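Open the model in your viewer and keep the sequence beside it. This tour tells you what to select at each stop.

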Amino acid sequence: MTVFETVEAKLLEIHRRLCLVYGCPVAYFRSNDPLSELVSSLLSHRTRNAASGAAFRALKARWSDWAAVRDADPAEVEAAIAGVTWPEQKAPRIQAILRAITELRGELSLDFLAEMPVEEARAWLEQLPGVGPKTSAAVMCFSSLRRPALPVDSHHHRVAVRTGLIPPKVAVGPSHKILAAQLPADWTAQQIYDNHEVLMLHGQRCCTFHDPACHRCVLVSLCPTGQARMEGPDRARA
C-alpha cells in the first residue's frame, strides 16, 4: 500500500486521482442566490436529489417569493414538499429559519454574506435553528456566492473514512473542520468545490455503502479498507 508522510499529502493524491476520473474543474450544478440555496439545502437532508429538487420547484411555483413561503399556512408548505423525507419537520423549520433571518436582518436576504469572511459568515448561518456545518458550507460554496467552504455529505464522508483521511468514529458534522484543514490554504473556491464533488461522486459510483467496487477503484493502492477487502472477505472493513 502506498505510504504518505502526511495526511495532507495523501489527500492531494486522492484529489489528483479522482480528478482524472471525474474531470476537474467540475462545473457548478446550479447558481441559486444564497437564500434559495439555504432552502434547497434544508430540503435535501436525508433526501434524494430528485425529490428535494421537485420540492424546491414546488415551493417556487406555489409562492411568489420566500417571504410568501415564510408567511404561508404551515400545512400548505408541508403539502408542497411532501416528497422529501420528514416534510412535517422541514416545513416548520424552513419557516422558522426564514422568520429568524427577517428578525435578525430586518429583511429576508442573505446577500450580505458576500461581504463577510467565510468563517464569520458560516458562524452567522449556524446560529439559525437547524443549520449545521454542512448547510452553512453548502450555502457558501454552492450558491452564487462561490466562496471557499467545504461541504461534506455522507458519500464524501464514507470515502474519507475508508481511505484513512479521518478516523471511523468521526461523524459527518465534526469531519468538516478536519477535512477542510487538510486542504491547501491557497486553494480557490473552485478547487474546494472540486474536492467535495469528486469524493462525493466516487462514493456514489464506486465506493458505495454496500459492496464497494474495490477491484476497479483508482484509490485502492492507498486505501486500507480496499486493501483489506481485496485480500479477502474475512479482513474486509466497510
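Select Gly-106: this glycine comes right after helix H6 and has a positive phi, near 80 degrees. Helices are DSSP runs of H or I with at least four residues, numbered from the N terminus. The model is predicted, so local features need pLDDT of at least 70 and side-chain atom pairs pLDDT 80 or more, while totals for chains, interfaces and linings use all residues. Numbering starts from 1 along each chain as its sequence is written, and side-chain values use heavy atoms, without hydrogens or water.

**Along H6**

Now step back into H6. Its 19 residues should span 27 Å at 1.5 Å a residue (the expected span is 1.5 Å times one less than the number of residues), and its end C-alpha atoms are 27 Å apart, which agrees. Color its buried residues (under 20% relative accessible area, 1.4 Å probe, protein chains only); among them are Pro-87, Lys-90, Gln-95 and Ile-101. Their cover includes H2, H4, H5 and H7.

**The largest core**

A nonpolar core is a set of buried Ala, Val, Leu, Ile, Met, Phe, Trp, Tyr and Cys residues joined through side-chain atoms within 4.5 Å. Select Leu-38 and Leu-113: in the largest core, of 37 residues, they touch the most other members. Helices H2, H3, H4, H6, H7 and H8 each supply at least two residues. H6 gives the most, with 6.

Stay on Leu-113. Beyond its neighbours within four places in sequence, its contacts (heavy atoms within 4.5 Å) include Trp-124, Val-139 and Arg-147. A second, separate core has 29 residues, including Leu-183 and Trp-187.

**A buried aspartate**

Go to Asp-153, in the loop between H8 and H9. What is the nearest side chain of opposite charge? It is Lys-134, 5.5 Å away, and Asp-153 is buried with no salt bridge. A salt bridge puts a side-chain nitrogen of Lys or Arg within 4 Å of a carboxyl oxygen of Asp or Glu. The Asp-153 side chain does reach the backbone nitrogen of His-155, at 3.2 Å.

**Salt bridges**

The whole structure holds 6 salt bridges. Select Glu-13, Arg-16 and Arg-17, which form a network. Arg-16 to Glu-13 is 2.7 Å. They sit 3 residues apart in H1, about one helical turn. Arg-17 also meets Glu-13, at 2.7 Å.

Finish at Arg-229 and Asp-211, bridged at 3.6 Å. Arg-229 lies in H12 and Asp-211 in the loop between H11 and H12, so the pair ties together parts 18 residues apart in sequence.

Notes: Buried < 20%, exposed > 50% of the residue type's maximum accessible area, 1.4 Å probe, protein only. Lys, Arg positive; Asp, Glu negative; His and termini not counted. Polar contact = N/O pair within 3.5 Å; in protein donor to acceptor, adjacent residues only side chain to side chain.
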